[in-house]
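Okay, thanks for having me, everyone. I'll put the structure up, and then we'll walk through it together.

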Amino acid sequence: MSGLSTERTSVGVVGGGAWGTALAVHCARMGHQVQLWALEPEVVAGINGPDRENSLYLPGHKCPAGLSASSSLQEVTSSSNLLLIVVPTPFMEKTLAPVAAALKPDSILVSCTKGILNDTLETPHEILLRVLPGAVHSQLAYLSGPSFASEVVQGLPTVVTIAAQEESVAARVQALLSTPRFRCYRTNDVIGVELGGALKNVLAIACGISDGLNLGNNARAALITRGLAEITRLAVAKGANPLTMGGLAGMGDLVLTCTGDLSRNRTVGLRLG
C-alpha cells in the first residue's frame, strides 16, 4: 500500500480484552503513543510489568514499549487525540457516561465494538449519540470487518472498514491506522457497517450448528449466501447501502465468522450441534 501517513499521535484504547489489546499493540508498533484502559487490575499490571503481556485475554504476545496500561479511565480519555472504544455493547453507556464531559472536543472516537443492545436494539452508533455530548458527534467513526484479534497481533494481513458520516473523519482514522499489513478502507455507511458486524453472529452460530451436525459444505454455503440476503434486506430497510453488505463489513466478516476456527460464535454453534 503506497502513500501511508507518517503522522503519529496519542491513542487511547478503552477496553483491555483481546481485541482492545490487539489494536493497542498495532498502534504502538506503528509508533503512536498508546494508553490502554482496562477494568481488570491484573491486565494493567501484566502490561506494565516485566512480562509486558495481557496474559488474561491475549497470552503469548508481548506489548511494545510505546504501550502502557492504566486503571484511570479519566486519564486515558482526556489525554488522547484518537480514542478507540473497545468495550462490549452492553457496557458502553456505563463505561463512557462518567467520562463523557472530559473528552477532548477535537479528539476522534472510533467504536471498534460489534453488537446490538438487547433491551433497546440500539447499535453502538446510537448508544454513543445518546451518551456523548453533541460537540463530539461529528468526530465519531466505526471500525469493522474480518479481523481476528490473534491474527492482528501477529501482524498477519488484515483489511477493515472505517465508517464515519464525516468524510474527513474517516480519512483521518484511515491514515492513522493503516499499515502495509493492516489496510483500512473507508465509507460513510455507518448503518450498514454496524449491522453487518452485528447480524453475522447469528449466522455464525447457525453455521456452527450445521457443521456440528455434519450437514456438509453445501448447507454451510447455503446458510452464508441466503443469510447474507436476509441481512442485506434488513440493513437496507434501516437505511444502509446494499453495496456495503457485499464488502468487508458484510460478506467479509460473515465468511470469516462462519468458517474461521477462531470464531467464538461458530464454536458455540459447533458445541450445540
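So, to start: in what sense do strand β1 and strand β4 pair, and over how many bridges? They pair in the parallel sense, over four bridges, with β1 covering residues 10–14 and β4 covering residues 82–85. If you want one spot to look at, find Val13, whose bridge partner in β4 is Leu84. Oh, and keep in mind that this is a predicted model.

Let's zoom out to the sheet. It's an open one with eight strands, and the order goes β3-β2-β1-β4-β5-β6-β7-β8, with mixed pairing. At the edges you've got β3 (67–70) and β8 (182–187), each pairing on one side only. Ignoring direction, neighbouring strands are turned by 25° against each other on average.

Now the helices. Helix α5, residues 124–131, packs on the sheet and touches β4, β5 and β6. The direction of α5 makes about 155° with that of β6. Helix α7, residues 167–177, packs on the sheet too, touching β4, β5, β6, β7 and β8. For α7, the angle with the direction of β8 is about 175°.

Last stop: the largest pocket. The volume there is about 1300 Å³. Which residues lie nearest its centre? Those are Ala18, Trp19, Val86, Pro88 and Arg264, out of 41 lining residues. Elements that give two or more residues to that lining include α1 (18–30), α8 (190–212) and α11 (264–272). And by class, the lining has 19 nonpolar, 16 polar and six charged residues.

That's my tour, thanks!

Terms used: Residues numbered from 1 in each chain as written. Predicted model: local features only at pLDDT ≥ 70, side-chain atom pairs only at ≥ 80, totals over all residues. Heavy atoms only, no water. 1 Å grid on protein atoms, 1.4 Å probe; cavity = no way out; pocket = protein on both sides within 12 Å on 5 of 7 lines; lining within 4 Å. Points joined across faces, edges and corners; volume = space filled by probe spheres on them. Nonpolar A, V, L, I, M, F, W, Y, C, P; charged D, E, K, R; others polar. Pairing = 2+ DSSP bridges. Axes fitted to C-alpha atoms, helices over the stretch in contact; angles between N-to-C directions. Contact = heavy atoms within 4.5 Å.
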